[in-house]
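Hi,

Here's the structure I promised to pass on. Have a look at it first, and then read on for what I found in it.

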Amino acid sequence: MTVMRNAREVVGQPTPLIDGIEKVTGQAKYTADLPSSGALVGRILRSPFSHARILAIDTSAARALPGVRAVVTGDDCAFTYGVLPIAMNEYPLAREVVRYRGEPLAAVAAVDEATAAEAMRLIRLEVEELPAYYTAEAARAPDAVLLHANKPGNIERAVHHRFGDVEAGFAAADLVREQVYHCAEIAHGQMELNGALVEYDTARDQLTIWSTTQVPYYVHLMLSRCLAMDMSRIRVVKPFVGGGFGARVETLNFEIITALLARAAGGKVRLLLSREETFLTHRGRPDTEVRLKLGMTRAGRLTACACEVVQRGGAYAGYGIVTILYAGSLLHGLYDIPAIAYDGWRVYANLPPCGAMRGHGSVDVRFAFEALLDSMAEEAGLDPFTVRRQNLLSAPTETQNGLRVESYGLGECLDWAERASGWATRHGRLGPGRGLGMACSHYVSGAAKPIHWTGEPHAVVHLRLDFDGGITLLTGAADIGQGSSTVMAQAAAEVLGIRLDRVRVVAADSMLTPKDNGSYSSRVTFMVGNATIDAARALRAQLLAAAAEPLGAPIEAIECEHETFRRIGDDGPGLPFAEVARAALAREGGAITAKGSFTCPVEFQGGKHKGGAVGSTMGFSYAAQVVEAAVDIDTGMVTVEQVWVAQDCGFAINPLAVEGQIQGAVWMGMGQAIGEETRYERGLALHGSLLDYRVPTIVESPPIALHIVESIDPNGPFGAKEASEGALAGFLPALVNAIADAIGLRLDTLPVTPDRLLEALAVRRREQRLARELAREPAHEQQGAA
């Protein structure tokens, strides 16, 4: 699917997003902006208890309040929901047991905010409190009460994988080191708050929902399940979405609750969550402990890896099974490691459920790996870049756990990052309090195996040509700000040989667009991009057939460039696109719809071991980055001065968007590294606003120099791979390694907040003082003996 760059007119060109005008002028309509005349106000009553058995919920007074049109509780929905068919253990509204503080218990729909608030106050709750556990360690204690009766030890999933002879690998190593790392739970911090608008047509028993989602199809599935409605009676529309980053890659409780209220009220309900409620529905990256052991030769060649991961997943399953599998599977695919052992445990706790977040499953383990590898390189007297180069893969190849690597630009990424940052002359030479650190990372270009297997293609796109000569691209894929609609329009225009502005994209409306699995795991460019190319080729074939007769040439002898059809090699005027389009419409009997699809081949869908599909993909992106940091040992403040990052994205279909995505990944990695952290006190969230949950601002944002590496993947659309997640994981260890270069202190806990850094410095001073005292004692003993 690759074409030489010099033959391309649309793809490969820096292109403003096709929906950019609406966004920057304020014309874009997000869920909260949609017309809601006549809509009732929805509100959710949340649990004040972390763990309790529900004895009674008395809603009689609330139902009797004038202006209240509907009240729903767990009694109104007997069906569980969840993103994974094998792990649906959550109710939209708690039934029998509440498992975290803030879990929905009841919801009301009323004529205005004041009435809804009063109705909430009138609801009475009777419970029997149960023991609550806020750490993975407490939840795993032998005497801990089970959060779910069918999950012994409060373990959602335990994973144990062995590839290669790990023991022999460590025995062959010249240097073996082991370290424990800890990463705090974080949330996505997306700009737009969660919300839904639902309209229920009582006469037709039909329901329409507009929601802040990345996965309209999954919302469709869960609404059908929880409301026991035929899918044909449900319409799901995704308006503009103000960021997702994984927060919205599964159906969320407020979407189902709004639908339940709308049906109960027999009308339209609008439910908008506050920032605090959005944090409670966060599905973020879980609190994670990583115990990592690496073996390495004197030359820097890795011989073995043993990794144990414990994730505190919160009260319900969500994506948890996938997350704990990703943490192990993506130990593979970046470096050539002969033997890898992985043990992972996803643990339930009485806190809001975690889920997928940008770099899903890979980030915390990659932090640990790159930090320990850097430490070992220093101990062995080797340059960190040298060690990485000693362990590069050679594509094409297949890893021991069945991951296929068809393109691999990490070596070029390393070369650029080393050169651009001046590493050779600056590392270790910047003086006290300033240092350079580096790290590598990678990520998948879409999960090779869909979560809900139906036998259908993984992606479908329709291209429609009608009387006006415009091309309408119909896709169920959700553009959530990453620019996927622009990429699809570019792909269609390139294949058809037409202007980009002739293509209009209609996305994510189940009444109009074909099904798509959603925007997650960086799948859209690779999978939907390939489906778009397939559809465009089908439409192009019909246009070429229409042009063949007037041009007096066979189809294979005709080309279309700059919206003109000509014989190949003919410099004549040719036929304009509009004329050929009219001929094609007449020839085909009216409007033409061409369908394209894409399905990941079975050989790319992972190994045969249990959980082997997780981590499998048709193309990995690769990144190398260098971070320069300044450390103030008096205040504990860490300032990121500069970042250099190179990413192999296969081919940059839209270099402008790729640059933005790489910068965004680095920025989010910086947030996790220096400040972001959810905090709870006995289950109560203490991070209910963006004043309490510290995301980087423009003040903390450093210059980011970036370089796009194009390895041209043989299976990607025009050779493209993912571009938005691969660089994130590398920032965390690069920063910690820069701090080590600056002050000689290696940190094992994130985020690196001033208080943590000051405490680590204090510990080091105490250890140094103790070492000096111990060193003096033998001297005193010798003097006494004399």
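In what sense do strand E26 and strand E27 pair, and over how many bridges? Before I get to that, please keep in mind that this is a predicted model. The answer is antiparallel, with ten bridges linking E26 (residues 620-631) to E27 (residues 638-648). If you want a spot to zoom in on, try Val627, which stands opposite Val643 in E27.

Those two strands belong to an open sheet of four, and the order across it is E18-E26-E27-E30. The pairing in this sheet is mixed. Its edges are strand E18 (434-444) and strand E30 (704-709), each of which pairs on one side only. From one strand to the next, the twist averages 15 degrees. There's also a helix packed on this sheet: H12, residues 410-420, touches E18, E26, E27 and E30. The direction of H12 makes about 20 degrees with that of E26.

Next, a smaller item on the strand side. Three strands make up another open sheet, in the order E22-E23-E24, and the pairing there is antiparallel. Strand E22 (558-561) and strand E24 (575-576) are the edge strands, so to speak: each pairs on one side only. Strand E23 (residues 564-567) shares two bridges with E24, in the antiparallel sense, and Phe565 stands opposite Leu575 in E24.

Strand E8 (residues 175-183) is worth a click too. With strand E13 (residues 287-296), E8 pairs in the antiparallel sense over nine bridges. With strand E31 (residues 749-750), E8 pairs in the parallel sense over two bridges. His182 turns up in both pairings: its bridge partner in E13 is Glu289, and its bridge partner in E31 is Thr749.

Now for a helix pair. The axes of helix H15 (residues 524-551) and helix H16 (residues 577-588) come within 8 Å and cross at roughly 95 degrees, and therefore H15 and H16 are roughly perpendicular to each other. On the H15 side, the contact is made by Gln542, Leu543, Ala545, Ala546 and Ala547. On the H16 side you'll find Phe577, Val580, Ala581, Ala583, Ala584, Arg587 and Glu588. By type, the residues of this contact divide into nine nonpolar, one polar and two charged.

One single residue I'd flag is Ala64, which sits in helix H2 (residues 60-64). Is Ala64 buried or exposed? Its relative accessibility is 61%, so Ala64 counts as exposed, the cut-off for that being over 50%. The C-alpha atoms of Ala64 and Leu122 are separated by 9.9 Å, with the two positions 58 residues apart along the chain.

Finally, the overall numbers. The protein has 19 helices and 31 strands. Its radius of gyration is 28 Å, close to the 28 Å that the globule rule gives for 786 residues, so the protein is as compact as a globular protein of that length. The C-alpha trace spans about 110 × 80 × 50 Å along its principal axes. Of the 786 residues, 60% count as buried. As for contacts with a separation of 6 or more, 80% of them are accounted for by residues 24 or more positions apart.

Cheers

Terms used:
Residues are numbered from 1 along each chain as its sequence is written. This is a predicted model: local features need pLDDT of at least 70, side-chain atom pairs count only at pLDDT 80 or more; totals for chains, interfaces and linings use all residues. Side-chain values use heavy atoms; hydrogens and water are left out. Two strands pair if DSSP finds at least two bridges between them. Axes are lines fitted to C-alpha atoms, for helices over the stretch in contact, and angles run from 0 to 180 degrees between N-to-C directions. Contact means heavy atoms within 4.5 Å. Angles under 35 degrees count as roughly parallel, over 145 as roughly antiparallel, 65 to 115 as roughly perpendicular and the rest as oblique. Ala, Val, Leu, Ile, Met, Phe, Trp, Tyr, Cys and Pro count as nonpolar, Asp, Glu, Lys and Arg as charged, and the others, Gly among them, as polar. The radius of gyration is taken over C-alpha atoms; the globule rule is 2.2 Å times the number of residues to the power 0.38. Buried means under 20% relative accessible area, exposed over 50%, partly exposed in between (1.4 Å probe, protein chains only).
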